[in-house]
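Colleague: Got a minute to go through this model with me? I'd like to start with how it is divided up and then get to the details.

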Amino acid sequence: MSQAIPFVDLRTQYQQLEPQIRERINAVLDHGRYINGPEVDTLEAQLAEFAGVDHVVACSSGTDALLIPLMAWDIKPGDAVFTTPFTFIATAEVIALLGATPVFVDIDPVTFNMDPAALEQAIAKVQAEGRLTPKAVIPVDLFGLCADYTRLEPIAAKHDLVILEDAAQALGARLGDRGAGAFGHAAATSFYPAKPLGGYGDGGAVFTNDAALKKIFKSIREHGMGDHRYTNVRVGINGRLDSLQAAVLLVKLAAFPAELEGRNRVAAWYADKLKTVKTPVVPDGYYCSWAQYSVLSDDRDAMMAKLKAANIPSVIYYPLCLHLQPAFAQYGYSEGDFPNSEAASRTIFSLPMTPFLTEEQVSRVAEVLNQG
Ligand SMILES: Cc1ncc(COP(=O)(O)O)c(C=O)c1O
């Protein structure tokens, strides 16, 4: 059997960056400030520059990076927060955790991101029903492609809704002259190891241009701390990022621009070579960070079986839409409510995507899928 192709390749990256990573980790071991060490401040400053925003608050996961802004905005029972059902559970879970109601909005079938026209309809429906108060929108930059903020931002502004960009999969992506992390009133990203910029454990960050909001994010991250360490002015969480994770991420952030180029090189090879599946579309003006390379096929099971037989991994993101998840049964959705999301969940699968894949490896994947 031919050599396995990795789905995500943390090993090659580690081999390339090992001396710098060990040096950074050793520095933390030497100074011993495992919590709130200087690496965290440095990482926040570098991430702010990278994303083109004024403030970054590093935190313990992408999930907490979504939760913290919602807490800052006092999202609560009776509030409607709009998001898509074709995403990772965390996007809607944080809404439910605060007792607010996730209101799902179907995706565009081509980009897999929130359909702005469907958002307008969902807002109108909630307003007409009068049971919930529309408060916020969480568009997701799925698979590394920014959502359509050009159309989403005016809709949110018109209805006085705050936007929280879920950029967990999209750091490094761009839309026009703005990068992921810079859309909406705040944005969240994840440093889960398999993400385009991943650490060696859980981690995340919140982005904003609003200095007052940043202060609240920092307070919530640290048990609602006030100006004095043991004065608590609000209810918060333990949401800090470890100094060790920040140390690893500093090294990886420096290597990230070259890795993004690598991901785009691999994506271009796939697009060129794949003939029997529908390849992802990157609309004009967008730059994708390729958290996943996801293709569509009506013959998905057979395609994935062929890959497996050839020792090539593939994964389905996402096999069950959030409106059909047992955890969200209380919201009363049913099959057929979001046709584009449901169609994607039935036909989508993701292929190996790392910046280190060779053209020969991509050709091997394509040859297996292109066989009749
Ligand atoms: C779209 C999306 N939102 C949120 C998250 C949550 O991030 P984390 O796993 O770091 O909590 C993830 C990733 O896992 C994600 O893919």
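Here is our chat about the model, question by question.

Modeller: Before you start, this is a predicted model, so to speak plainly: local features need pLDDT of at least 70, side-chain atom pairs count only at pLDDT 80 or more, and totals for chains, interfaces and linings use all residues. Residues are numbered from 1 along each chain as its sequence is written, and side-chain values use heavy atoms, with hydrogens and water left out.

Colleague: How far apart do the C-alpha centres of domain 1 and domain 2 lie?

Modeller: The domain assignment gives domain 1 as 10-251 and domain 2 as 256-370, with bounds that come from an automatic or database assignment. Contact (heavy atoms within 4.5 Å) takes in 43 residues from domain 1 and 34 residues from domain 2. The C-alpha centres of the two are separated by 23 Å.

Colleague: Which three residues supply 21% of the area that domain 1 buries against domain 2?

Modeller: Buried area here is the accessible area (1.4 Å probe) that two parts lose on being put together, summed over both. Domain 1 and domain 2 bury about 3,300 Å² between them, with 68% of it on carbon and sulfur atoms. More than any other three residues, the suppliers of that 21% on the domain 1 side are F86, F104 and F143.

Colleague: How many residue pairs are in polar contact across the interface of domain 1 and domain 2?

Modeller: Salt bridges (a side-chain nitrogen of Lys or Arg within 4 Å of a carboxyl oxygen of Asp or Glu) number zero between domain 1 and domain 2. A polar contact is a pair of N or O atoms within 3.5 Å; within protein, one must be able to donate a hydrogen and the other to accept it, and residues adjacent in sequence count only if both atoms are side-chain atoms. With both residues at pLDDT 80 or more, the count of such pairs across this interface is 12.

Colleague: Which residue has a polar side-chain atom 2.7 Å from an oxygen atom of the ligand?

Modeller: 15 residues surround the ligand (a heavy atom within 4 Å of it), and G62, T63, D166, Q169 and S190 are the closest. D166 puts a polar side-chain atom 2.8 Å from a ligand nitrogen, while an N or O atom in the side chain of Q169 is 2.8 Å from a ligand oxygen. The residue at 2.7 Å from a ligand oxygen is S190.

Colleague: How many residues apart in sequence are the parts that E44 and R221 tie together?

Modeller: A search of the whole structure finds nine salt bridges, and one of them joins the side chains of E44 and R221 (2.9 Å, N to O). Helices are DSSP runs of H or I, at least four residues, numbered from the N terminus. E44 sits in helix α2 (residues 38-51) and R221 in helix α7, so the parts that the pair ties together are apart in sequence by 177 residues.

Terms used: Helix = DSSP H or I, 4+ residues; strand = E, 2+ residues; numbered from the N terminus.
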